[in-house]
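Here is a short briefing to read alongside the model. Take a moment to look over the sequence and the fold, then work through the points below.

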Amino acid sequence: MTDRLTYQASDTRAEVCWIAQTTHCQAMSVRSLRCCPLTLAATSSLPSSLPDTSRPLSPHTFAGMVEQGLKERFDEREIERVLTSWRLLDQEYYRKEFVGNDPSIDSEDLVQECHSYLPGLSIQPFWNAKDFGWANYLESRYSEIRKEFDAVTANMAKLQNEGNNIWAGALTTDAASYGEGWKTLVLMDRGRWDPTNVNLFPITAQAVHDSGVPATEVFFASMAGPSEIKKHSDFTNFVLTSHLALDIPDSGNNKCRLTVGGVTNQWINGHCYVFDTSLLHDAVNESDQTRYILMLRLWHPDLTLVEQQALQFTFDCLEFPGLVSPDPGERFMAEQTVEAIRNFPILRNNNNPSEIRGFDTKSKQNNNKRKGSGKKKGFGR
């Protein structure tokens, strides 16, 4: 879920401050609980009117510095929609619009709510996972991923001691919609792998990497039972969400369900689901056991590669403001840091921790535990 960005310039350094928005949640109601088809006719996220975004942002603000950085790195004609999105965020634009286009479907939940909004992207509650090669690949690796997950999580004390932020809850008041039973174990955040946790789950991380999924986040998510996740939006339309169902209590018996835009599907072990969490969605676990999934957030398929790269640059700037510093030395150091941590981590040989294996011998990440817990919120969340 997305927080509002404020910014101020201080000498040559920019300071980013996130102010949590009030969560737009309602009590969850599961109506007919019918299992609907995986896809609906796609609509386009073109609202009837948008604020004027034709004027460049002031170069004396952090947002303006990021915009200038975008223009220096990319052809402005190819990132027009990204610039519009960034300027809308700066104006604190909040989109809330009914997006249903099928008269036979009367759902009050077909509402898109966004603070981070990029115009012109198609909308559908569930996408057909079979249309994505990476989803088919992850399904084919399910048995290996599940076996590793069961083995590693069987020793919780060891996992807690060796891992980073194991089964952490959300950090903001937005967590109220998820409930206390929803926890995460992060492998990737904002396009950056966590080398410590990746080495605890090397088979899973390697499978995700090999699948080619254009992921921005990868993490395991647990949902205690019985519990519910209340109706809410994740407030970003240019990132979709996918679940690989890992360990679903009473799998196939409709005890664990996900509803997006009024369309309900049950989780079934080994199946991938792709859906749009900018639409109102909720979930329920009616069993007395914990539900586990591998969760991915990924770039919307309507984005061009250049647009994905430009959006990633804005993410990087929020974490490393030095990328747009007027100081060439500071900017160079930030660029080197980002390049290093973007690499897939080197994997240790579990039988011999002194041995390493992997794709990237240039990775400079270390395995020290990071401070904090849970998942941060911000632009694109």
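In this predicted model, Phe 201 makes a good place to start: setting aside residues up to four places away in sequence, it touches Glu 148, Phe 149, Val 152, Thr 153, Leu 159, Leu 185, Leu 187 and Phe 220. Phe 201 also belongs to the largest nonpolar core, where Leu 138, Phe 201 and Phe 220 touch the most other members. From there we can move out to the sheets, and then to a few individual residues.

**Nonpolar cores**

- The largest nonpolar core has 37 residues.
- Helix H4, residues 142-153, gives the most to this core, contributing 4 residues.
- A second core, separate from that one, holds 29 residues, among them Phe 62, Val 82, Leu 83 and Phe 313.

**Phe 313, a member of the second core**

- Helix H8 is where you will find Phe 313.
- Is Phe 313 buried or exposed? With a relative accessible area of 7%, Phe 313 is buried, because the cut-off for buried is under 20%.
- Leaving out residues up to four places away in sequence, Phe 313 touches Val 66, Gly 69, Leu 70, Arg 73, Phe 74, Leu 323 and Val 324.
- Arg 73 lies 240 residues from Phe 313 along the chain, yet the C-alpha atoms of the two are separated by 9.4 Å.

**The sheet of 7 strands**

- This open sheet runs in the order E7-E16-E13-E18-E10-E8-E9, and its pairing is antiparallel.
- At its edges are strand E7 (126-127) and strand E9 (192-193), each of which pairs on one side only.
- Strand E8 (residues 182-189) and strand E10 (residues 215-223) run antiparallel and are joined by 6 bridges; among the residues involved, Met 188 has Val 218 in E10 as its bridge partner.
- Helix H8 (residues 305-319) packs on this sheet and touches E9, E10 and strand E18 (291-299). The direction of H8 makes about 110° with that of E18.

**The sheet of 3 strands**

- A second open sheet to look at has the order E4-E5-E12, and here the pairing is mixed.
- Strand E4 (95-98) and strand E12 (235-236) each have a single partner strand, so each is left with one side that has no neighbour in the sheet.
- Strand E5 (residues 111-116) runs parallel to E12, with 2 bridges joining them. One of the residues to look for is Ser 116 in this pairing, whose bridge partner in E12 is Thr 236.

**Strand E17, covered on both faces**

- How many of the 5 residues of strand E17 (residues 281-285) are buried? The count is 5 of the 5, so the strand is largely enclosed by the rest of the structure.
- On one side of E17 the buried residues are His 281, Ala 283 and Asn 285, and on the other they are Asp 282 and Val 284.
- Strand E11 (residues 227-232) pairs with E17 in the antiparallel sense over 4 bridges, and Ser 227 has Asn 285 as its bridge partner.
- Strand E14 (residues 256-260) also pairs with E17 in the antiparallel sense, here over 5 bridges. In that pairing, Arg 257 is matched with Val 284 as its bridge partner.

**Thr 277, in a loop**

- Thr 277 sits in the loop between strand E16 (272-275) and E17.
- Despite its loop position, Thr 277 counts as buried, at 3% relative accessibility.
- Which residue's side chain is joined to that of Thr 277 by a polar contact of 3.1 Å? The partner is Thr 241.
- Not counting residues up to four places away in sequence, Thr 277 touches Ser 233, Asp 234, Phe 235, Thr 241 and Arg 297.

**Cysteines**

- Searching the whole structure turns up 0 disulfides.
- Cys 256 is buried, with a relative accessible area of 1%.
- Cys 272 counts as buried too, at 5% relative accessibility.

**The chain as a whole**

- The protein chain has 9 helices and 20 strands.
- Of its 381 residues, 54% count as buried.
- When contacts between residues at least 6 apart in sequence are considered, 76% join residues at least 24 apart.

Definitions and conventions:
Residues numbered from 1 in each chain as written. Predicted model: local features only at pLDDT ≥ 70, side-chain atom pairs only at ≥ 80, totals over all residues. Heavy atoms only, no water. Pairing = 2+ DSSP bridges. Disulfide = S-S within 2.5 Å. Buried < 20%, exposed > 50% of the residue type's maximum accessible area, 1.4 Å probe, protein only. Core = buried A, V, L, I, M, F, W, Y, C linked by side-chain atoms within 4.5 Å. Contact = heavy atoms within 4.5 Å. Axes fitted to C-alpha atoms, helices over the stretch in contact; angles between N-to-C directions. Polar contact = N/O pair within 3.5 Å; in protein donor to acceptor, adjacent residues only side chain to side chain.
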